[in-house]
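Visitor: I am new to this structure. Could you please take me through it?
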Amino acid sequence: MSAFKVEPILRSLHAKFGPMVTLRVGTRTAIFVADRTLAHEALIQSSAVYADRPPAGATIRVISSNQHNITSSSYGPTWRLLRRNLTAEILHPSRVKSYTHARNWVLQILQNRFESQAKAGRPICAMEHFQHAMFCLLVLMCFGDKLDEDQIKRIKEVQRQMIVNFGKFNILNFWPRVTKILLRNRWKELFFLRKCQDDVLISLIRARKKAKEERVNKSKEDKKDYEDEYVLSYVDTLLALELPEEKRKLKEEEMVTNLIWKFEWKAVDGDGVDLSEKEEFTIVMKNPLQTHVCPRLK
């Protein structure tokens, strides 16, 4: 159900039951507050009580290594550490310049893909290629290395499999003790997909850790030359973290859950330019435009 359909329903419920309405949405309880005084009391005056995430479902705990990532961790020292690490070390504007050669590499990938399809005389779905290029950039930001096409495809595939199939695992959150018996094959599938992620990404984490250790052991002269191609990666920062509450480093599988994921989008087939629209948070084209690149004659 879209946000456009939910709002009138909530308005009618508030009119009937008052400014605070509690609804069961899937496996979670959602509270909708329509009064500014109540909202201020809950979110400001009693923020320490209410400003936290609801308990994670059983499947989320599997995916997030028991809530050891930014998107699922309870608001506290661990969450603040992970958030500060990402925003200050990787996404801070001061890091933009250090990714110059990475952007050039990604731009070359994009250009090569355009030229390849143009030479073959096939229509080009620009969105697909831009998404691939951005995924390559995110992979480099995560691991600090220019991975080859096969490695990037493997990362993309394990992520796509988890995202595409994750919806069918929601039922496992209803009475997990029961579903582990009645739906044990589906639980096995979830653990298998999670293991596939670890198998692909942990090897890259270990390779980066080894490269970092070798770099530290280099002499100052060699280190200076090495710095020209060195990019601080997200994995580098995760390797250096120590969890404040548990007094330990992140485990490898916990690092996997903290890496930046990319969602797989599919282009809509069609030859014509379709200018029909659909309502979202902004007005977007209902069917993405596909383009055909050809040499300019004049």
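Visitor: How many salt bridges are there?
Guide: The count comes to twelve salt bridges, each being a side-chain nitrogen of Lys or Arg within 4 Å of a carboxyl oxygen of Asp or Glu. This is a predicted model, in which local features need pLDDT of at least 70 and side-chain atom pairs count only at pLDDT 80 or more, while totals for chains, interfaces and linings use all residues. Residues are numbered from 1 along each chain as its sequence is written, and side-chain values use heavy atoms, leaving out hydrogens and water.

Visitor: Which residue forms a salt bridge with D199?
Guide: The partner of D199 is K195, with the closest N and O atoms 2.9 Å apart. D199 and K195 are separated by about one helical turn because they lie four residues apart in helix α10 (residues 184-216); helices are DSSP runs of H or I, at least four residues, numbered from the N terminus.

Visitor: Is D199 buried or exposed?
Guide: D199 counts as partly exposed, at 46% relative accessibility. Buried means under 20% relative accessible area, exposed over 50%, and partly exposed in between, with a 1.4 Å probe and protein chains only.

Visitor: And what does R206 meet?
Guide: The side chain of R206 meets that of E252 in a salt bridge, 2.9 Å from N to O. This pair links distant parts of the chain, 46 residues apart: R206 is in helix α10 and E252 in helix α13 (residues 252-258).

Visitor: Which residues are joined into one network?
Guide: Salt bridges with shared partners join D145, R208 and D236 into one network.

Terms used:
Helices (H or I, at least four residues) and strands (E, at least two) are DSSP runs, numbered from the N terminus.
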